[in-house]
Amino acid sequence: MTSRFEALQRRLDARIDWEKLDRSKGWRVDLAPIRDLVERLGRPDRALRVVHVAGSKGKGSTASLVAAGLRRAGHRVGVFASPHVETIRERISMGDGPLGEDAFAAAGETVLDAIEAAPEGAAAREASWFDVMCATALVAFQSAGAEWAVLEVGLGGRLDSTNVIDVPEVAVVTMIALEHTAVLGDTHAKIAAEKGGIIKAGGLVVSGCPPDGEAGRTLAGIAAERGSEIVFVQADGEATFEARNREVARAVLAALGSDPGLLDDETTREARLPGRQEHRVRGGVDVVLDGAHVDESVAQLVEESVRARGAGFVAVVAVHREKDAAALLAPLARTCALVVATSVPKSRVHGTADGVADAARRHGLDVATIADPLQALDRAVEEARQRGAWVLATGSLYLVGALRAATEPPA
């Protein structure tokens, strides 16, 4: 018998899903569908105080940390995040975990019913899969009596569904890297302009971008033009990725009048997301899962992981077709013993395993090519066992989602 949640998923699948399409060949041109949709829902976003988080890297972790700090301060907080790793329920969370199936289905039904009730020609009728997910989160948070919503941007910012909100309490732009260049632009300034689209007139902005860099200057210009105050957070040059995210989150809490000290080590550990430098085990071999998908993130991931576990690791890598595989693989060149090139066929958005393999060979890396991700993991684990090494699975959160259930938490 089909459950209510399964029935909702089938209705969702009927909506256009830009995450699974080639966005370089056409993407949304305005926010009219989501704007019309939330109006028909009674503007649930206006019942919430919002922190809006964009960025090329660190946005998911920063959103989770801000939410953890607000919860420690005694607030009811909802988080909208993307993409998910294993279940779409991860995208909408209240408290310490994903929304339950019944609550998720109830909110989603409300949204889809509103779309179907809209007259022909209404903009809401064109709402995408992600529009529906965003609106579902807002309805769910309002229904659950949340005081705060931490909304993570899906792609870019200016045209992202989450940008339907009014002026947030704080807009956050974590870091800027060259990503989704066919959609967002091919320079740091162009990408910063898209992500800076979440900056609203008279609002407050917190950013982890260097203020004197191309992206930082672009964001400062947008803030000045819109009469918004911007705060740049500068972490120590040797700080880990986690430490940088925490400093940005602490600055957000301070801007909200909360104690940044609430983000202590214990709270930071509790706020870690699956698939972000996550330590797992398979067949007695250590496996690190990390969905890093821009070259700067992969470089820092490799540096920190090698420092902790040693060089000579075996990597399982899949790459989204919008990404530059050669650039992503470059940081592995000096410390990786073998790349097992793979793909995530069910996602419909990844490049081929052969394409990843060709990119790896350009850097002189030894390569094995296995299209099925689970078989690729098994090959990597066996190679690592023979070498007395460990495994790193990276390049895509979709890959992490395909592999996570096949691994276990460490004992």
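Here are four short exercises on this protein chain, each with a worked solution. Keep in mind that the model is predicted.

**Exercise 1: the whole chain**

Work out whether the radius of gyration of the protein chain agrees with that of a compact globule.

*Solution.* Start with the length: there are 411 residues, and a compact globule of that length would have a radius of gyration near 22 Å. Next, look at the chain itself, which has 21 Å, so the two agree. For a feel of the dimensions, picture the C-alpha atoms filling a box of roughly 60 × 55 × 40 Å along the principal axes. Inside that box you'll find 15 helices and 14 strands. Finally, check burial: 55% of the 411 residues count as buried.

**Exercise 2: the surroundings of Val 344**

Find where Val 344 sits, decide whether it is buried or exposed, and list what it touches.

*Solution.* First, place it: Val 344 belongs to the loop between β12 (336-341) and α13 (353-362). Second, take its relative accessible area, which is 8%. Buried means under 20%, so Val 344 is buried. Third, look for neighbours, skipping residues up to four places away in sequence: Val 344 touches Ala 318, His 350, Tyr 398, Leu 399 and Ala 402.

**Exercise 3: Phe with Phe**

Describe the aromatic pairs Phe 5 with Phe 104 and Phe 80 with Phe 130.

*Solution.* You need two values, because a pair of aromatic rings is described by the distance of the centres and the angle of the planes. The chain has 3 aromatic pairs in total. For Phe 5 and Phe 104, the centres are 5.6 Å apart and the planes make an angle of 90°. An angle over 60 degrees counts as edge-to-face, and that's what this pair is. Now place the rings: Phe 5 is in helix α1 (residues 4-12) and Phe 104 in helix α4 (residues 101-117), so the pair ties together parts 99 residues apart in sequence. Both Phe 5 and Phe 104 are buried.

Phe 80 and Phe 130 have centres 5.5 Å apart and 45° between the planes, which makes the pair tilted. Phe 80 is in strand β2 (residues 77-80) and Phe 130 in helix α5 (residues 129-143), so this pair links distant parts of the chain, 50 residues apart. Phe 80 is buried at 0% relative accessibility, and Phe 130 is buried at 11%.

**Exercise 4: a charge and a ring**

Find which ring the charged end of Arg 309 sits over.

*Solution.* Follow the Arg 309 side chain to its charged end, then look for the ring there: it belongs to Trp 390, whose ring centre is 6.0 Å away.

Technical notes: Residues are numbered from 1 along each chain as its sequence is written. This is a predicted model: local features need pLDDT of at least 70, side-chain atom pairs count only at pLDDT 80 or more; totals for chains, interfaces and linings use all residues. Side-chain values use heavy atoms; hydrogens and water are left out. Helices (H or I, at least four residues) and strands (E, at least two) are DSSP runs, numbered from the N terminus. Buried means under 20% relative accessible area, exposed over 50%, partly exposed in between (1.4 Å probe, protein chains only). Contact means heavy atoms within 4.5 Å. Rings of Phe, Tyr and Trp (its six-membered ring) pair if their centres lie within 6.5 Å; planes under 30 degrees apart count as stacked, over 60 as edge-to-face and the rest as tilted. A charge sits over a ring if NZ of Lys or CZ of Arg is within 6 Å of the ring centre and within 35 degrees of the ring normal. The radius of gyration is taken over C-alpha atoms; the globule rule is 2.2 Å times the number of residues to the power 0.38.
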